[in-house]
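Reader: I should like to go through the terms applied to this structure and ask what each one rests on. Please set each value against its criterion.

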Amino acid sequence: MPPEKDWRAPLDEAGDDALAYSDIAIGYVSRNDRYRAHYRRALGRVKRGVISADEATARLVRRWGISFHAAPISAFDPKLAVARLDLSPTSIVLAPPVDGMGVTQRFDMKMLGAVRARMKIGNLLHLILADREGDEHLWVSGGLDRPLAMMLPIGADPFAGLASAERFCRRLLGMAAGPSALRPTPFRRQHLLTLLQLLDGHRAGASQRELAASLIHPKVRRYDPTEWSDSAERKCIRRWLKEAVELRDGGYIRLLRGG
């Protein structure tokens, strides 16, 4: 997690309408103490030359489902977060076509536009394609210097994959890709970001009453002990804290799937 700031201040990403569920999920895992320790150890091994940044990232992704890229020069960069392929239904997969498809034209990298990052995750090449309405994550089996076809796995949410495939095709044709798939609604986005602030405040030692006064309503500060004990705000903040901790400690996996 980047250097901590006052938990009461709005999160940097709070005004970003292009936030996808995966962008919010990395915020939760980055507040998990075990992940943070694992990530810092990985950064140390990369700095010492024991392992490459890509291999360290691949191991983190396998263990945690999503991770920042383990490159020391760009540590904790949320724009370089990678989710495990089987947990990210919006990812695009390119692979050699089956015989008889008639695909003969080699893939042209220039068609991809701005590429934010390129890394090797296991046996696959992972590209993060920059887009102001939500980055696209591309996985490539084999090399890019050959004919390729898109793979759309049949799963629980095939429409997310179809939406991402359409965005990718629009990109290849030089058109605006449009909004990314699996964006939370504004209300859901605000709630999930509020829970991140709640985790930061709890970590900083704020009492449940101070959390409620800052994140729900300042009138809580004027409650006497009995009013606070019986208040809806106290019940709400306790419920939110339980939800936030569950998301931090593993529930973020649901967010990767758009839940």
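Author: The exchange below takes up the overall chain, the aromatic rings, the salt bridges and helix α4 in turn. The model is a predicted one.

Reader: What describes the protein chain as a whole?

Author: The protein chain has eight helices and seven strands. Its C-alpha atoms fill a box of roughly 75 × 40 × 30 Å along the principal axes. Of the 259 residues, 46% are buried. The accessible surface comes to about 13600 Å², and 53% of that surface belongs to carbon and sulfur atoms. Among contacts between residues at least 6 apart in sequence, 64% join residues at least 24 apart.

Reader: How many aromatic pairs are counted, and what makes the pair of Tyr35 and Tyr39 stacked?

Author: The count comes to six aromatic pairs. For Tyr35 and Tyr39, the ring centres are 5.7 Å apart and the planes meet at 20°. Rings pair if their centres lie within 6.5 Å, and planes under 30 degrees apart count as stacked, so both conditions are satisfied here.

Reader: Why are Tyr35 and Tyr39 separated by about one helical turn?

Author: The reason is that Tyr35 and Tyr39 are four residues apart in helix α2, which covers residues 33-47. Both Tyr35 and Tyr39 are buried.

Reader: Why is the pair of Phe68 and Phe76 called edge-to-face?

Author: The planes of Phe68 and Phe76 stand at 70°, and the ring centres are 5.5 Å apart. Planes over 60 degrees apart count as edge-to-face, so the pair of Phe68 and Phe76 receives that name. Phe68 and Phe76 are both buried. Together with Tyr35, Tyr39 and Trp64, these two residues form one aromatic cluster.

Reader: Which residue lies over the face of Trp64, and at what distance from the ring centre?

Author: Arg63 lies over the face of Trp64, at 3.9 Å from the ring centre. The distance criterion is within 6 Å, so the value of 3.9 Å satisfies it.

Reader: How do you know that Asp131 and Arg167 form a salt bridge?

Author: The closest N and O atoms of Asp131 and Arg167 are 3.5 Å apart. The criterion is a nitrogen within 4 Å of a carboxyl oxygen, so this pair qualifies. The pair links distant parts of the chain, with Asp131 in the loop between β5 (124-129) and β6 (136-141) and Arg167 in helix α4, 36 residues apart. In general, side chains of opposite charge can pair when their charged atoms come close.

Reader: Why are Asp131 and Arg167 called buried?

Author: Buried means under 20% relative accessible area. Asp131 has 17%, so Asp131 counts as buried. Arg167 has 4%, so Arg167 also counts as buried.

Reader: What makes Asp131 and Arg171 a salt bridge?

Author: The side chains of Asp131 and Arg171 meet at 3.8 Å, N to O, and the limit is 4 Å, so the term applies. This pair also links distant parts of the chain: Asp131 is in the loop between β5 and β6, Arg171 is in helix α4, and they are 40 residues apart. Arg171 is buried, because its relative accessible area is 11%.

Reader: Is Glu233 buried or exposed, and what is Lys219 called?

Author: Glu233 has 11% relative accessibility and therefore counts as buried. Lys219 has 29%, which lies between the 20% and 50% limits, so Lys219 counts as partly exposed. The side chains of Glu233 and Lys219 meet in a salt bridge at 3.7 Å, N to O.

Reader: How many salt bridges are found in the whole structure, and which residues are linked in a network?

Author: A search of the whole structure finds 18 salt bridges. Asp6, Arg8, Glu210 and Arg221 are linked in a network of salt bridges.

Reader: Why is Ser164 called buried, whereas Leu162 is called partly exposed?

Author: Ser164 lies in helix α4, residues 158-172, and Leu162 lies in helix α4 too. Ser164 has 2% relative accessibility, which is under 20%, so Ser164 counts as buried. Leu162 has 45%, which falls between 20% and 50%, so Leu162 is partly exposed. Leaving aside neighbours within four places in sequence, Ser164 is in contact with Thr90, Ile92, Glu136 and Ala181. Leu162 forms a nonpolar surface patch with Leu152 and Phe159, with about 320 Å² of accessible area together.

Conventions: Residues are numbered from 1 along each chain as its sequence is written. This is a predicted model: local features need pLDDT of at least 70, side-chain atom pairs count only at pLDDT 80 or more; totals for chains, interfaces and linings use all residues. Side-chain values use heavy atoms; hydrogens and water are left out. Helices (H or I, at least four residues) and strands (E, at least two) are DSSP runs, numbered from the N terminus. Buried means under 20% relative accessible area, exposed over 50%, partly exposed in between (1.4 Å probe, protein chains only). Contact means heavy atoms within 4.5 Å. Patches are made of residues with over 30% relative accessible area and no salt bridge: like charges are joined within 9 Å, nonpolar side chains (Val, Leu, Ile, Met, Phe, Trp, Tyr) within 5 Å. Accessible areas come from the Shrake-Rupley method with a 1.4 Å probe; for residues, only the protein chains shown count as cover. A charge sits over a ring if NZ of Lys or CZ of Arg is within 6 Å of the ring centre and within 35 degrees of the ring normal.
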